[in-house]
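Trainee: I would like a close look at a single part of this chain, the strands and the core around them. Please take it in one connected account.

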Amino acid sequence: AEDARRYDHKPDKGIYLFTTEEEVLLGKEVVGQVKREYKPWKNTTAQGRLDSIVKRLVPYAKKDRGDVEYRFHLLDTDEVNAFAVPGGDIFVLRGLMEKATDEELAGVLAHELGHVVYRHSLRQLQSEYEMSVMSAVISGLAGGKTGDYAETIAEMASTVVGLSYSRDHESQSDRAAVRYLHKAGYSPRGLIHFFHKLEKESSSQ
């Protein structure tokens with residue numbers, strides 16, 4: 001309980017150069033690009049497992065950030081990963097679902113929810129691309145000129161999939177994850193256990 005109280009605070013507002021509506025607009029295009037590059041994983045059992053965990057976590061993320069819809073997508077690849085894109089969408093890869101226990105999976109999902117709450121993927125794109133490029137893309141999307149920026153959007157999607165967040169961003173998401181996990185009735189140790197598991201497997205190869 002003491003650990004939970006240490007992390008029980010609201011996220012800061014941060015400095016964002018785009019509105020939520022613009023973030024969602026960009027995110028919608030990035031989601032479309034990701035779905036063109038990855039095959040969806042249509043597995044009823046996996047979907048039910050994901051839904052049951054998400055149902056417990058998302059209400060607490062919404063209390064911190066309620067201006068986006070949280071949507072989760074399963075992708076059919078053996079990569080052990082999950083990643084968030086601007087606007088509230090989170091992709092969960094088959095490799096992660098197959099390797100993680102429920103408690104470990106909840107930890108990873110809570111961490112990704114933290115990235116959404118703090119708008120980390122958008123902030124990272126803002127640092128990766130010149131302001132003029134970001135503004136032009138979003139203005140073009142708002143004007144219905146999606147095709148004019150297809151190549152740039154594809155690049156942005158690849159950037160989001162392979163994002164390496166700053167230490168500060170990862171720490172913010174870790175704190176959010178601890179908060180959501182405690183409130184949802186999961187042990188935060190699941191996330192730590194999972195990373196240790198991956199490190200052990202990596203060192204043994």
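Mentor: The mean pLDDT of the chain, pLDDT being the predictor's confidence in each residue from 0 to 100, is 85, and 87% of the residues reach 70 or more. This is a predicted model, in which local features need pLDDT of at least 70, side-chain atom pairs count only at pLDDT 80 or more, and totals for chains, interfaces and linings use all residues. Residues are numbered from 1 along each chain as its sequence is written, and side-chain values use heavy atoms, with hydrogens and water left out.

One stretch should be set aside before the close look. Over residues 1-9 pLDDT stays under 50, and the model has nine contacts beyond four places in sequence for them; contact here means heavy atoms within 4.5 Å. Where pLDDT is low, the predicted coordinates should not be read in detail.

The secondary structure comes to 10 helices and three strands. Helices (H or I, at least four residues) and strands (E, at least two) are DSSP runs, numbered from the N terminus. Along the sequence the pattern is α-α-α-β-β-β-α-α-α-α-α-α-α. Of the contacts in the chain with a separation of 6 or more, 73% are accounted for by residues 24 or more positions apart. Buried residues make up 48% of the 205 residues, where buried means under 20% relative accessible area, exposed over 50%, and partly exposed in between, with a 1.4 Å probe and protein chains only.

Now the strands. Two strands pair if DSSP finds at least two bridges between them. E1 and E3 run parallel and are joined by five bridges, whereas E2 and E3 run antiparallel and are joined by three. Between E1 and E3, Arg 71 has Asp 89 as its bridge partner, and His 73 stands opposite Phe 91. From E2, Phe 83 has Phe 91 in E3 as its bridge partner. The hairpin of E2 and E3 has four residues between the strands, and Gly 87 in this hairpin takes a positive phi near 95 degrees.

In a regular strand the side chains alternate between the two faces of the sheet. Both faces of E3 are covered: Asp 89, Phe 91 and Leu 93 are buried on one side, and Ile 90 and Val 92 are buried on the other. E1 is mostly covered as well, with four of its five residues buried.

These strands feed into the largest nonpolar core, which has 36 residues; Leu 57, Tyr 70, Phe 72, Val 92, Leu 109 and Leu 113 touch the most other members. A nonpolar core is a set of buried Ala, Val, Leu, Ile, Met, Phe, Trp, Tyr and Cys residues joined through side-chain atoms within 4.5 Å. Helix H3 (44-64), strands E1 (71-75), E2 (82-84) and E3 (89-93), and helices H4 (94-99), H5 (102-117), H9 (167-184) and H10 (189-204) each supply at least two residues of this core. H5 gives the most to this core, with eight residues. Leu 109 touches Leu 50, Ile 53, Val 54, Leu 57, Phe 72 and Val 92, not counting residues up to four places away in sequence. A second, separate core of 22 residues includes Phe 18, Val 30, Leu 125 and Ile 153.

H5 deserves its own paragraph. Of its 16 residues, 14 are buried. The expected span of a helix is 1.5 Å times one less than its number of residues; for the 16 residues of H5, at 1.5 Å a residue, that should be 22 Å, and the end C-alpha atoms are 22 Å apart, which agrees. After H5 comes Arg 119, in the loop between H5 and helix H6 (120-128). Arg 119 is not a glycine, yet it has a positive phi of about 60 degrees. Its relative accessibility is 8%, so Arg 119 counts as buried.

Helix H9 holds Ala 176, which is buried with a relative accessible area of 0%. Ala 176 touches Gly 114 and Tyr 118, not counting residues up to four places away in sequence. Between Ala 176 and Leu 113 the C-alpha to C-alpha distance is 7.9 Å, although they are 63 residues apart in sequence.
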